[in-house]
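The exercises below are meant to be worked with the sequence and the 3D view side by side. Try each task before reading its solution.

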Amino acid sequence: MSASGGGKAILAAFLANMGIALAKFIAWFLSGSASMLAEAIHSVADSGNQLLLMLGGRQAKKKADREHPFGYGRERYVYAFVVSIILFSVGGLFSIYEGIEKLTHPHELENAWIPIAVLVVAIVLESFSLRTAVKESNHVRAKGQSWVSFVRHAKAPELPVVLLEDIAALAGLVFALFGVGMTVITHNPVFDAIGTLMIGTLLILVAITLGIETKSLLVGEGATDTDHDRIVDAISDGPEVEKIIHIKTLYLGPDELLVAAKLGFASDAPLMHVASDIDRVEARVRAAVPAARIIYFEPDIYRPGDDSTPPTSEFVIKSTD
């Protein structure tokens with residue numbers, strides 16, 4: 001796993017979910033609570049999610065080859081997308097099915113104290129898992145950045161996925177506790193069915209949210225505004241480049257940024273000087289943004305007063321005079 005700290009959070013979530021899933025299945029078997037079955041499936045889905053995220057991290061470490069010259073960094077995005085769409089959706093649809101089944105064929109709960117005890121313990125364990133995910137996320141979350149912004153703009157998918165998983169898990173446990181608790185108090189099994197439907201709806205909403213965010217990474221995202229400005233400043237800080245004609249960036253993986261730019265050099269600059277100037281500019285860019293591991297600079301002749309516009313498909317940035 002990357003240095004983002006995602007590996008520790010994923011492992012903590014996996015271990016917690018495996019233990020919780022087993023306890024929930026036992027509680028469902030002894031009580032017949034649909035909410036407990038939905039929560040057990042939720043925990044199994046979460047455990048599968050963590051396994052896929054760890055597998056994606058392992059696959060992403062494969063070395064670049066002729067078929068994939070830029071490496072396999074995006075494997076992490078693919079597995080995160082599978083997690084968000086398939087597992088959460090399946091878990092959500094199953095929970096809704098169970099809720100409808102319980103509404104149409106209600107039955108009393110048996111040994112209701114067992115699911116209540118399991119849910120309380122699960123809430124405590126999930127709280128520790130969420131605490132770990134928050135702690136690890138704080139290592140990479142920008143100072144002053146909101147949690148919503150972190151989830152939306154994080155380039156490493158593991159931590160946002162685990163964060164949303166843990167939040168959804170805690171909310172689902174509260175829904176299940178509501179359903180079981182109200183069923184015990186009122187002796188009306190409809191509340192257990194309502195809790196199950198709430199859990200299913202929650203899982204589907206999380207699936208949609210994660211799917212939208214991960215899709216953006218799969219399509220291809222450029223550098224953040226902050227990193228983009230740092231790259232431009234690093235290029236412009238020295239005397240080598242007369243003008244930035246255009247620049248494009250693309251994340252090949254969570255920890256690997258591609259930077260491509262056409263740079264204007266003085267028309268009378270010797271080729272050997274241009275080559276050494278490009279090396280110095282590359283060094284400044286890598287120092288400013290360590291994730292910029294792959295850099296392609298195309299030199300061009302710049303003549304003062306020549307501000308002709310490049311093709312519209314190119315992202316133009318003019319250096320300040």
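**Exercise 1.** In which helix is the place of Ser95? Once it is found, decide whether Ser95 is buried or exposed, and list the residues that it touches.

*Solution.* Keep in mind throughout that this is a predicted model. Start with the position in the chain: Ser95 falls in helix 3, which covers residues 75–104. Next take the accessibility: the relative accessible area of Ser95 is 0%, and because buried means under 20% relative accessible area, Ser95 counts as buried. Finally look for its contacts, leaving aside residues up to four places away in sequence: Ser95 touches Ala38, Thr196, Ile199, Gly200 and Leu203.

**Exercise 2.** Find which members of the largest nonpolar core touch the most other members, and then work out which element gives the most to this core.

*Solution.* The largest nonpolar core holds 25 residues, and those touching the most other members are Ile231, Ile235, Leu257, Val259, Leu263, Val285 and Phe297. Turning to the elements, at least two core residues come from each of helix 8 (225–236), strand 1 (243–253), strand 2 (256–266), helix 9 (271–288) and strand 3 (294–302). Strand 2 gives the most, with five residues. Apart from this core there is a second, separate one of 18 residues, which includes Ala80, Val83, Leu164 and Ala168.

To look at one core member in detail, select Leu263: when residues up to four places away in sequence are not counted, Leu263 touches Ile235, Val241, Lys243, Ile244, Ile245, Phe297, Glu298, Pro299 and Asp300.

**Exercise 3.** Describe how strand 2 and strand 3 pair, and follow the chain from strand 2 to strand 3 to find the hand of the crossover.

*Solution.* Strand 2 and strand 3 run in the parallel sense and pair over nine bridges. Within this pairing, Lys262 stands opposite Glu298 in strand 3. Between the two strands the chain passes through helix 9, giving a β-α-β crossover that is right-handed.

**Exercise 4.** Determine what volume the largest cavity has, which residues line it, and which helix gives the most to the lining.

*Solution.* The count comes to one cavity of 30 Å³ or more, and the largest cavity has a volume of about 100 Å³. Its lining is made up of Val151, Arg152, Ala154, Pro157, Pro160, Val161, Leu210, Glu213, Thr214 and Leu217. Helix 5 (147–153), helix 6 (158–186) and helix 7 (190–219) each supply at least two lining residues, while helix 7 gives the most, with four.

How values were computed: Residues are numbered from 1 along each chain as its sequence is written. This is a predicted model: local features need pLDDT of at least 70, side-chain atom pairs count only at pLDDT 80 or more; totals for chains, interfaces and linings use all residues. Side-chain values use heavy atoms; hydrogens and water are left out. A nonpolar core is a set of buried Ala, Val, Leu, Ile, Met, Phe, Trp, Tyr and Cys residues joined through side-chain atoms within 4.5 Å. Buried means under 20% relative accessible area, exposed over 50%, partly exposed in between (1.4 Å probe, protein chains only). Contact means heavy atoms within 4.5 Å. Two strands pair if DSSP finds at least two bridges between them. A crossover is right-handed if, with the strands pointing away from the viewer, the path from the first strand over the helix to the second runs clockwise. On a 1 Å grid over the protein atoms alone, a cavity is a set of points where a 1.4 Å probe fits but cannot get out, and a pocket is an open set with protein on both sides within 12 Å along at least five of seven lines; lining residues have an atom within 4 Å of a point. Grid points are joined across faces, edges and corners, and a volume is the space filled by probe spheres set on the points.
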